[in-house]
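Subject: the structure I promised you

Hi,

Here is the structure we talked about. Have it open while you read, and then follow along with my notes below.

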Amino acid sequence: MAPTVSLELGVDRSSPVPLYFQLSQQLESAIEQGTLTPGSLLGNEIELAARLGLSRPTVRQAIQSLVDKGLLVRRRGVGTQVVHSKVRRPLELSSLYDDLEAAGQRPATRVLVNTVVPASGEVAVALGVAEGEEVHRVERLRLAHGEPMAYLTNYLPSGLLDLDTGHLEATGLYRLMRAAGITLHSARQSIGARAATPAEAERLGEAEGAPLLTMQRVTFDDTGRAVEFGTHTYRPSRYSFEFQLLVRS
């Protein structure tokens, strides 16, 4: 059984910030910083409440807020356990596989579709090919620690590279492109959100109508050629995009 981790926690009773929120923020920070690693057990709610001088309902509310975020899980006979940290992806030209691996999230991939299809109008415009021209379509479920994280649909010009299903399940698409001698240079990307369809909810382990993050990206090589058009959905409880904003003088 995973050991119970002892943390230095405290609350400021003079602060206008609710006590449960102060506690939940400290626990979330410990998870994000790796102090609480996946599999770690939190102390018993009663013990934690007594140590901090808080009521049990306050501690329960703090823990429940992190359960709702997908960072903690209550397991019968085991206790409250850290699931994993939320992945914050920087807005740069990188693959989800590489970002998950860098974050210690043990990425895995299931390839559900790997075929050639005629380009729709949207795909044709994105890739700069004629409508109806054959393009490669790949659909993958990306997991972290065995849990669904994102559903990825990618279109590539036909014949661009060998899209072997085994290779796609073993590594990221961008790594395969680089290994094939394709130099990725830039991308045009848009981010949004919408409710999960029944199919998306089933794939990602969410409730129908649950909010999902969406991302569309067209990636270009160093010659300006469009080499990939992706349309992806992410679980917001497991994933977020991180921006750096600069002040224009």
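Let's start with one residue. Glutamate 147 has a relative accessible area of 24%, so it counts as partly exposed: the band for that label runs from 20% to 50%. You'll find glutamate 147 in strand S6. Now look across to glycine 205: the two are 58 residues apart in sequence, yet their C-alpha atoms are 8.4 Å apart in space.

Before going further, please keep in mind that this is a predicted model.

**The whole chain**

The protein chain has 8 helices and 10 strands. Of its 249 residues, 44% are buried. If you take the contacts between residues at least 6 apart in sequence, 59% of them join residues at least 24 apart.

**The sheet**

In which order do the strands of the open sheet of 6 strands come? Reading across, the order is S4-S5-S6-S9-S8-S7, and the pairing is antiparallel. At the edges sit strand S4 (107-118) and S7, each of which pairs on one side only. On average, neighbouring strands of this sheet are turned by 15° against each other, if you ignore direction. A bit of background: strands of a sheet pair through backbone hydrogen bonds, and they can do that either parallel or antiparallel.

Our glutamate 147 belongs to S6, so let's look at that part of the sheet. Strand S5 (residues 134-144) and strand S6 (residues 147-157) are an antiparallel pair, with 10 bridges between them. One spot to click on is arginine 142, whose bridge partner in S6 is alanine 150.

Strand S8 (residues 211-221) is worth some time too. Is S8 largely enclosed or largely open? It is largely enclosed by the rest of the structure, because 9 of its 11 residues are buried. Strand S7 (residues 184-195) runs antiparallel to S8, and 11 bridges join the two. S8 also pairs with strand S9 (residues 226-234), again in the antiparallel sense, over 8 bridges. In that pairing, valine 218 stands opposite phenylalanine 229 in S9. S8 and S9 make a hairpin with 4 residues between them, and glycine 224 in the turn has a positive phi of about 90°.

Threonine 214 lies in S8 too. Its relative accessibility is 16%, and since that is under 20%, threonine 214 counts as buried. Standing opposite threonine 214 is glycine 192. Leaving out residues up to four places away in sequence, threonine 214 touches Ser190, Ile191, Gly192, Ala193, Arg194, His232 and Thr233.

**The helices**

Next, helix H1 (residues 19-32). How far apart should its ends be? At 1.5 Å a residue, its 14 residues should span 20 Å, and the end C-alpha atoms are indeed 20 Å apart, so the two agree. The buried residues of H1 are Gln22, Leu23, Ser24, Leu27, Glu28, Ala30 and Ile31. It helps to know that an α-helix has 3.6 residues a turn, so residues three or four places apart point the same way. After H1 comes glycine 34, with a positive phi near 90°.

H1 has a partner in helix H3 (residues 56-68): their axes come within 8 Å and cross at roughly 45°. That makes H1 oblique to H3. The crossing is right-handed. On the H1 side, the residues that meet H3 are Leu19, Tyr20, Leu23, Ser24, Leu27 and Glu28; on the H3 side, they are Thr58, Val59, Gln61, Ala62, Ser65 and Leu66.

Helix H2 (residues 45-52) meets H3 as well, with axes that come within 9 Å and cross at roughly 115°. So H2 is roughly perpendicular to H3. This crossing is right-handed. Glu45, Ile46, Leu48 and Ala49 of H2 make the contact with Arg56, Val59, Arg60 and Ile63 of H3.

**One more residue**

Last stop: threonine 80, in strand S2 (residues 79-82). Is threonine 80 buried or exposed? With 9% relative accessibility, threonine 80 counts as buried. Apart from its neighbours within four places in sequence, threonine 80 is in contact with Ser40, Leu41, Leu42, Ile63, Leu72, Val73 and Arg74.

Have fun exploring!

Cheers

Notes: Residues numbered from 1 in each chain as written. Predicted model: local features only at pLDDT ≥ 70, side-chain atom pairs only at ≥ 80, totals over all residues. Heavy atoms only, no water. Expected span 1.5 Å × (residues − 1). Buried < 20%, exposed > 50% of the residue type's maximum accessible area, 1.4 Å probe, protein only. Pairing = 2+ DSSP bridges. Axes fitted to C-alpha atoms, helices over the stretch in contact; angles between N-to-C directions. Parallel < 35°, antiparallel > 145°, perpendicular 65-115°, else oblique. Left-handed = near helix turned anticlockwise from the far one by under 90°. Contact = heavy atoms within 4.5 Å.
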